[in-house]
Amino acid sequence: MSNYISHDHEHDGIDRRGFLKCMAWAGTGVLWTISGGVVVSKTLAEVAKTGSSLPTATDLSFLQISDSHIGFNKAANKDVTETFKIALDRINAMPTPPSFLIHTGDITQLSKPEEFDTFDQILKSCRTKDVFYVPGEHDVLNDGGKMYRERYLKNVQGKGSGWYSFNKNGVHFIGLVNVLDLQAGGLGQLGDEQLEWLEDDVKGLGADTPIVVFAHIPLWTVYPQWGWGTSDSERALGYLKRFGSVTVLNGHIHQVLQKVEGNVTFHTAMSTAFPQPAPGTALSPGPLTVPAEKLRSMLGLTSVQYKQGKTALAVVDSNLS
């Protein structure tokens, strides 16, 4: 079963039915499960209304944060450090803290040392200390990512320009870098060296190993006119076809969109800094200014839970309002 936004060359690049369905989830919490091989979504409002409970007994839970853009101070959000702090407060208030955090890029706005310093200082307040990173294009502006790698790859065996993998509780995680060689229109690219490493990395894994891939720019074609996709992602995903459960987490577009195709669930996260327009609804991507009282409802976090023996990971989005 497939339920996703697809590129439509004859129209505006978006399947409207899929687009509207996806955008109905934006800014809300969503619980994702698989039952009988069918992907089922339920908003947190629906969960509360029906009295259903979220998964509690899990073998692994982790939380995705993205697009903090520390240093940004324009009309869309004059104080991104404050909204980042609110996100961390939400994490600290969780009854059961996540096992670790994943940050899917754009830690900073301009790759300045003081922006990285501010981020690191604020992050010290988080109860969850184990954090894994991939860079966004805003993190590699001045030096090809040298400063980013020196700061955030200390605890992993980074390869090439900073890609790596690790295992947690039977789940294999893969952090990819697709922001160093942007293509025409801003499309991300992985490159031959990284793709060859990826093929070798998963070669020895059993097909029943749950896979989580995370990178900054989406690994599916959300809206190529805005550079919202990765030019060689199809080759990367080809190496993952034999696995029964693959979850792909991305940032960059500052909104919740999801695509389910075969064994792969793609998920993009809200930013903690500012929203961006829905695909094709503006002349170009960029910070979207909304009424102050609405801003926090369009910023958020993504929580992911894994229970051994289940066929997919449960993904729940929550906003900062």
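## A tour by selection

Select Arg-235 to begin: with a relative accessible area of 34%, Arg-235 is partly exposed. The model on screen is a predicted one. Now add Asp-192 to the selection. Arg-235 and Asp-192 form a salt bridge, and 2.8 Å separates the closest N and O atoms. Because Arg-235 belongs to helix 7 and Asp-192 to helix 6, the pair ties together parts that are 43 residues apart in sequence.

**Other salt bridges**

How many salt bridges does the structure hold? The count is six. Side chains of opposite charge can pair when their charged atoms come close.

Select Lys-168 and Asp-130. These two form a salt bridge in which the closest N and O atoms are 3.3 Å apart. The pair links distant parts of the chain, with the two positions 38 residues apart in numbering: Lys-168 is in strand 6, and Asp-130 is in the loop between helix 4 and strand 5 (131–133). Are the two residues buried or partly exposed? Lys-168 has a relative accessible area of 24% and therefore counts as partly exposed. Asp-130, at 30%, is partly exposed as well.

Go next to helix 5, residues 146–152, and display Lys-146 and Glu-150. The two residues are four apart, about one turn of the helix. Their salt bridge has its closest N and O atoms at 2.5 Å. Glu-150 is partly exposed because its relative accessible area is 46%. The value for Lys-146 is 47%, so Lys-146 is partly exposed too.

For a network, select Asp-117, Asp-120 and Arg-151. Salt bridges link these three residues.

**A charged patch on helix 6**

Return to helix 6, residues 192–203, and pick out Glu-196. Which residues gather with Glu-196 in a patch of negative charge? They are Glu-193, Glu-199 and Asp-200, and the patch is on the surface. Glu-196 itself counts as partly exposed because its relative accessibility is 48%.

**Strand 4 and its neighbour**

Select strand 4, residues 100–103. In a regular strand the side chains alternate between the two faces of the sheet. Both faces of strand 4 are covered. On one side sit Phe-100 and Ile-102, on the other Leu-101 and His-103, and all are buried.

Add strand 3, residues 60–65. Strands 3 and 4 run parallel and are joined by four bridges. To find one of the contacts, select Gln-64: its bridge partner in strand 4 is Ile-102.

**Two residues with positive phi**

Most residues other than glycine have a negative phi, and most peptide bonds are trans. The next two stops depart from the phi part of that pattern.

Follow the chain from strand 4 into the loop that leads to helix 4 (113–123), and stop at Ser-111. Phi of Ser-111 is near 60 degrees, a positive value in a residue that is not glycine. Is Ser-111 buried or exposed? Ser-111 counts as buried because its relative accessibility is 3%.

Then select Asn-169, in the loop between strand 6 (164–168) and strand 7 (171–175). Asn-169 also has a positive phi, near 50 degrees. Its relative accessibility is 48%, so Asn-169 counts as partly exposed.

**Ser-245 and Pro-210**

Move to the loop between helix 7 (233–238) and strand 9 (246–250), where Ser-245 lies. At 10% relative accessibility, Ser-245 falls under the 20% cut-off and therefore counts as buried. Add Pro-210 and draw a distance between the C-alpha atoms. The separation is 5.1 Å, for two residues 35 apart along the chain.

**The hairpin of strands 10 and 11**

Finish with residues 257–261, which make up strand 10. How many of its five residues are buried? Four are, and strand 10 is thus mostly covered.

Add strand 11, residues 264–268. Strands 10 and 11 pair in the antiparallel sense over five bridges. Within the pair, Lys-259 has Phe-266 of strand 11 as its bridge partner. The two strands form a hairpin with two residues between them. Last, select Gly-262: this residue is in the turn and has a positive phi of about 60 degrees.

Note on methods: Residues numbered from 1 in each chain as written. Predicted model: local features only at pLDDT ≥ 70, side-chain atom pairs only at ≥ 80, totals over all residues. Heavy atoms only, no water. Patch = residues over 30% accessible without salt bridge, like charges linked within 9 Å, V, L, I, M, F, W, Y side chains within 5 Å. Areas by Shrake-Rupley, 256 points an atom, 1.4 Å probe, with all protein chains shown as cover. Salt bridge = Lys/Arg side-chain N within 4 Å of Asp/Glu carboxyl O. Lys, Arg positive; Asp, Glu negative; His and termini not counted. Charge placed at Lys NZ, Arg CZ, Asp CG, Glu CD. Buried < 20%, exposed > 50% of the residue type's maximum accessible area, 1.4 Å probe, protein only. Pairing = 2+ DSSP bridges.
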